[in-house]
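Me: I have a model open and want to learn how to read it. Take me through it one feature at a time.

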Amino acid sequence: MFTWLSFGSALPSKVAQFSVGANSQTTLFEHAPAAYLIIDEATVLCEINLAGARLLGAASNELLGRPLASFLSAASVEQLQEMLARARNGAVPETCELQLLPQAGVIRQLHGTAGREDSSANFLLLLLALPSPG
């Protein structure tokens, strides 16, 4: 026998609250001043916010599906892989310094933090541009 639960007017209110919360989270992700990226095991960009797109020098839709490693120096690709390996095995976010390939003659140093996404085999990566020396 089925038991029907009556939520009355509470259900539409909860749905509206969830919708507002989801929109707020999307806005926080998309408009954050730091670069947020979701990458897979091969460093392929699955999601990227506006700050990330600006940092990598292209529109988001041009970046998705491309490996983050293709934007980094060879030494930084190794550092990124090591950081992801540590993040894969641990609960604590891992950090490292990375260097972008030169863009218009400018080399940018980054601070990266990576953690494993709970719902998939992907990684959430936060990138912050470090101040230029001098």
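**Reading the model**

Reply: Start with one residue: Arg116 counts as partly exposed, at 30% relative accessibility. Keep in mind that this is a predicted model.

Me: How do I read a salt bridge, and how many does the structure hold?

Reply: Look for a side-chain nitrogen of Lys or Arg within 4 Å of a carboxyl oxygen of Asp or Glu. The structure holds 3 salt bridges. In one of them, Arg116 pairs with Glu41, with the closest N and O atoms 3.0 Å apart. Arg116 sits in strand 4 and Glu41 in the loop between strand 1 and strand 2, so this pair ties together parts 75 residues apart in sequence.

Me: Which residue meets Glu41 in a salt bridge at 2.7 Å?

Reply: Arg88 does, with 2.7 Å from N to O. Arg88 belongs to helix 4, while Glu41 is in the loop between strand 1 and strand 2, so parts 47 residues apart in sequence are tied together. Check exposure too. Glu41 is partly exposed, at 34% relative accessible area. Arg88 is also partly exposed, at 33%.

Me: Where is Glu94 bonded by a salt bridge, and to which residue?

Reply: Its partner is Arg86, and the closest N and O atoms are 3.0 Å apart. Glu94 is partly exposed, with a relative accessible area of 21%. Arg86 is partly exposed as well, at 36%. Then look for shared partners: Glu41, Arg88 and Arg116 are joined into one network.

Me: Now the sheet. What is the order of the strands?

Reply: Read across the sheet, not along the chain. The order is 2-1-5-4-3, in an open sheet of 5 strands with antiparallel pairing. Strand 2 and strand 3 stand at the edges with a single partner strand each, so one side of each has no neighbour in the sheet. From one strand to the next, the twist averages 25°.

Me: What packs on the sheet?

Reply: Helix 4 does, touching strand 1, strand 3, strand 4 and strand 5. The direction of helix 4 makes about 170° with that of strand 3.

Me: How many bridges join strand 1 to strand 2?

Reply: There are 3, and the two strands run antiparallel. To place one residue, follow Leu37: its bridge partner in strand 2 is Ile48. The two strands form a hairpin with 5 residues between them. In the turn, Thr43 has a positive phi of about 70°.

Me: Next, the interior. How many residues has the largest nonpolar core?

Reply: That core has 25 residues. Those with the most contacts inside it are Leu37, Leu45, Leu56, Leu63, Leu80, Leu125 and Leu127. At least two residues each come from strand 1 (35-39), strand 2 (45-48), helix 2, helix 4 (74-89), strand 3 (94-99), strand 4 (109-116) and strand 5 (123-129). Helix 4 gives the most, with 4 residues.

Me: Which residues does Leu63 touch, not counting residues up to four places away in sequence?

Reply: Leu63 touches Leu45, Ile48, Ala53, Leu56, Ala58 and Phe71.

Me: Let me try a single residue. Is Ala51 buried or exposed?

Reply: Use the cut-off: buried means under 20% relative accessible area. Ala51 has 8%, so Ala51 is buried. Ala51 is placed in helix 2, residues 50-56.

Me: What is Ala51 in contact with, leaving aside neighbours within four places in sequence?

Reply: The contacts are Ala32, Pro33, Ala34 and Ala35. Compare sequence with space for one of these. Ala51 and Ala32 are 19 residues apart in sequence, and their C-alpha atoms are 6.9 Å apart.

Me: Last, the cysteines. What does the count of disulfides come to?

Reply: Test pairs of cysteine sulfur atoms for a separation within 2.5 Å. Here the count is 0 disulfides. As for exposure, Cys46 is partly exposed, with a relative accessible area of 34%. Cys96 is buried, at 11%.

Conventions: Residues are numbered from 1 along each chain as its sequence is written. This is a predicted model: local features need pLDDT of at least 70, side-chain atom pairs count only at pLDDT 80 or more; totals for chains, interfaces and linings use all residues. Side-chain values use heavy atoms; hydrogens and water are left out. Buried means under 20% relative accessible area, exposed over 50%, partly exposed in between (1.4 Å probe, protein chains only). Contact means heavy atoms within 4.5 Å. A nonpolar core is a set of buried Ala, Val, Leu, Ile, Met, Phe, Trp, Tyr and Cys residues joined through side-chain atoms within 4.5 Å. Two strands pair if DSSP finds at least two bridges between them. Axes are lines fitted to C-alpha atoms, for helices over the stretch in contact, and angles run from 0 to 180 degrees between N-to-C directions.
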